[in-house]
Amino acid sequence: MKNTIIRRGAKLEADRKGDRPKRRITIRDGFHALIVLCTWVLFFYWWYCVLPLMRLSDAAWAGFTILAVSLGTVVVTLGWVRYNLGIFRRKGPRLTNPDILERFTIDTLGRELVHSGWEELRASRLITVTVDGEDRKTFSARED
């Protein structure tokens, strides 16, 4: 028996053994694969155009640079995965998102936020925001 799970817009299928859900391949995935394929074809075509114009030493240096950057990317990625696996082993799986305190006393620019109450503002159809100088922002709800 299969269960369908919806997460962030993508349909996932979980089998009855409780294994990890299997993600269906979407048109978007196919489009991304096509873009990647076209990019690699373009990459090799440009090398095909450039290589006859280069000296062997320059081509070898370019190949070495590409290989070194690719290898460096793999090493950094594997290091990052190992680091995250270490966190997982120490703390276990993340079961919920971390709680974040919602303090709305100042905005990102450090201005004081003045209002009559967030519930009143949430219920209002029109909110007027007034910036008073450099250090104060006032929210007022329109009375209906």
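This section describes the overall make-up of the protein, one of its sheets, a lysine within that sheet, and a pocket.

The structure is a predicted model. The protein contains three helices and six strands. Read from the N terminus, these elements follow the order β-β-β-α-α-β-α-β-β. The protein has 144 residues, of which 10% are buried. Among contacts with a separation of 6 or more, 13% join residues that lie 24 or more positions apart.

Three of the strands make up an open sheet, arranged in the order E4-E6-E5 with mixed pairing. Strands E4 (112–114) and E5 (127–132) are the edge strands; each has a single partner strand, so one side of each lacks a neighbour in the sheet. From one strand to the next, the twist averages 20 degrees. Strands of a sheet pair through backbone hydrogen bonds, in either a parallel or an antiparallel sense. Both senses occur here: E4 and E6 are parallel, with three bridges between them, while E5 and E6 are antiparallel, with six bridges.

E5 and E6 form a hairpin with three residues between the strands. Glycine 133, in this hairpin, adopts a positive phi near 70 degrees. Aspartate 132 has arginine 136 of E6 as its bridge partner, and valine 131 is bridged to lysine 137, also in E6.

Strand E6 spans residues 136–141 and includes lysine 137. In a regular strand, side chains alternate between the two faces of the sheet. In E6, the covered face carries Lys137, Phe139 and Ala141, whereas Arg136, Thr138 and Ser140 belong to the uncovered face.

Lysine 137 has a relative accessibility of 16% and therefore counts as buried, the cut-off being under 20%. On the E5 side, lysine 137 is the bridge partner of valine 131; in the pairing of E4 with E6, leucine 113 stands opposite lysine 137. When neighbours within four places in sequence are left aside, the contacts of lysine 137 are Asp107, Arg111, Glu112, Leu113, Val114, Val129, Thr130 and Val131. Both Leu113 and Val131, the residues set against lysine 137 in the sheet, thus appear among these contacts.

The second largest pocket encloses about 230 Å³ of space. Its lining consists of Asn84, Ile87, Phe88, Gly92, Pro93, Arg94 and Leu95. By class, four of the lining residues are nonpolar, two are polar and one is charged.

Technical notes:
Residues numbered from 1 in each chain as written. Predicted model: local features only at pLDDT ≥ 70, side-chain atom pairs only at ≥ 80, totals over all residues. Heavy atoms only, no water. 1 Å grid on protein atoms, 1.4 Å probe; cavity = no way out; pocket = protein on both sides within 12 Å on 5 of 7 lines; lining within 4 Å. Points joined across faces, edges and corners; volume = space filled by probe spheres on them. Nonpolar A, V, L, I, M, F, W, Y, C, P; charged D, E, K, R; others polar. Helix = DSSP H or I, 4+ residues; strand = E, 2+ residues; numbered from the N terminus. Buried < 20%, exposed > 50% of the residue type's maximum accessible area, 1.4 Å probe, protein only. Contact = heavy atoms within 4.5 Å. Pairing = 2+ DSSP bridges. Axes fitted to C-alpha atoms, helices over the stretch in contact; angles between N-to-C directions.
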